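Here is a short report on a ligand site and one helix. Please keep the sequence and the model at hand.

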Amino acid sequence: MTDLSGAPSGPYDDDKPHEECGVFGIWNAQDAGAMTALGLHALQHRGQEATGIVTFSVDGPEARFHTHKGLGLVGDVFSDARIMAGLPGTAAVGHNRYATTGATLLRNVQPLYAEFEFGGLAVGHNGNLTNATSLRRALVRRGCIFQSTTDSEVFIHLIAISLYSNVVDRLTDALKQVVGAYSLVVLSQESLIGVRDPLGVRPLILGRIDQPEGQPNAKPAWVLASETCALDIVGAEFVRDIEPGEIVIINDEGVRSIRPFGDRPARFCVFEYIYFARPDSVLDGYGVYEARKRIGVELARENPIEADVIVPVPDSGVPSAMGYSVASGIPFELGIIRNHYVGRTFIEPTDQIRNLGVKLKHSANRAMIAGKRVILVDDSIVRGTTSRKIVEMVRAAGASEVHMRISSPPTTHSCFYGIDTPERGKLLAANHDTEEMAQLIGADSLAFISLDGLYRALGRPEGRDTATPFYCDACFTGEYPISLTDLDENSRARPSLLAEAR
Ligand code: AMP
């Protein structure tokens, strides 16, 4: 989901839109609205700017969709009992949105809902379409009137103009025209539908809730969610990952699948393991916590250094710092304490506020740091703002040496598939080598895990040979597995853009 306001949008804009999101859907559950609020709460880390739920209820002859959306956290937007009472029904979809550019507008908040010839339809999208601007231009020329500036609205118009008759065929028709990364939850009065893009860049999983004992013949409730942590909170059991390119259709008959895009090797986003997903989630069969710890072990093997204490940058650096400590034998201590009552640093739009944000968020635990040689472990360096502030803070707390170890390779390229990274001009690693970066952040030494080291730690998904890439790692390599149609079109008009953006 990307903001297209002030199009052409994209990395060449001064402030690149951010498009991280979480999605949730449920079918055949009592209190589907409340269950969705719980699921979205567990997915809060995937988007904190805005949230929305659309439910569907049938009351006698009356079948209706109900919507509530708001800016802010799930707990705030859905705290009022009257609001929850306005979301009746046994089916629902929900969405958490993370975006910081001009468009903090309620009309951009998802799920998007529209009335069609066949009835109502709500769509929640996690990911980013790379041909949304050109599609939107063509649709506007055809007379489509857009209500929002989010790229996800193209799904609504493509479904509306499709000549097919049923929802699934119309959706498939729409999906064949979009390019990009997307995991979708779609709710119609007939079914809950889940979709993962052909390369499976963004996650989507299927869960199931069996009805309470004493109702042996009752049909189960089905859940779709970005991550497994959203299943635990609603008491659902994990069934499986939705496969890349798969469309699952859930209704009272059960779950059926179609795969209209053929069979292409998956390219799941490796950054979900490094930073984005919650540590208690399991993605593609592999626990995120375990993955991060193993990355820390590999980081220590590749980049050892003598020190007295390993200190994670909380929270994202914690599991890999534990792995680093296990592999190096150097004690692990919480030398930085995080205040959990402030949002992520990235939420604040200006550099000035961002700097302030880091100070609000972390403080040094002097007793664990003073007089010690400290190894700081964090998951990534993007602009370098966090690392610079943290190194300064640790030194001010009396550390005798400060070494920084990063559990991802240098972030040298922008993401166009749904992770918030700024354009290349603002990426520290795109403009400096490691030694220069160490100087800029004020560390005595700096080292990143290598790409090979990262893949040694993650291992290879079952059945995949080493010759075929199996993750999307464009942010580290610049190898983009899905074409960047809008960017390429715009850079034909302004050739310098391409080099700047990538
Ligand atoms: P920076 O301060 O710009 O170098 O950002 C790096 C810090 O932001 C690290 O501590 C990461 O944990 C965190 N981070 C990395 N990627 C993202 C992202 N896409 N969204 C929010 N925070 C991030």
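The report covers the basis of the model, then the ligand site, then helix α6.

## Basis

This is a predicted model: local features need pLDDT of at least 70, side-chain atom pairs count only at pLDDT 80 or more, and totals for chains, interfaces and linings use all residues. Residues are numbered from 1 along each chain as its sequence is written, and side-chain values use heavy atoms, without hydrogens and water.

## Ligand site

The ligand has 18 residues around it, counted when a heavy atom lies within 4 Å. Asp378, Asp379, Arg383, Gly384 and Thr386 come nearest. By class, seven shell residues are nonpolar, five polar and six charged; here Gly counts as polar, Tyr and Cys as nonpolar, and Asp, Glu, Lys and Arg as charged. Helices α8 (270–276) and α12 (385–396) each supply at least two shell residues.

Backbone atoms meet the ligand in polar contacts (N or O pairs within 3.5 Å). Gly384 places a polar backbone atom 2.7 Å from a ligand oxygen. For Val382, a backbone N or O atom is 2.8 Å from a ligand oxygen. Asp420 has a backbone N or O atom 2.9 Å from a ligand nitrogen. The protein buries 95% of the 490 Å² that the ligand exposes when taken alone (Shrake-Rupley method, 1.4 Å probe).

## Helix α6

Helix α6 spans residues 167–175, and seven of its nine residues are buried, meaning under 20% relative accessible area with a 1.4 Å probe and protein chains only. Among them are Val167, Arg170 and Leu175. Helices are DSSP runs (H or I) of at least four residues, strands (E) of at least two.

The buried residues pack against several elements, including α5 (153–161), β6 (119–129) and β7 (180–188); contact means heavy atoms within 4.5 Å. At the start of α6, a side-chain oxygen of Asn166 comes within 3.1 Å of the backbone nitrogen of Val168.

Notes:
A polar contact is a pair of N or O atoms within 3.5 Å; within protein, one must be able to donate a hydrogen and the other to accept it, and residues adjacent in sequence count only if both atoms are side-chain atoms. Buried means under 20% relative accessible area, exposed over 50%, partly exposed in between (1.4 Å probe, protein chains only).
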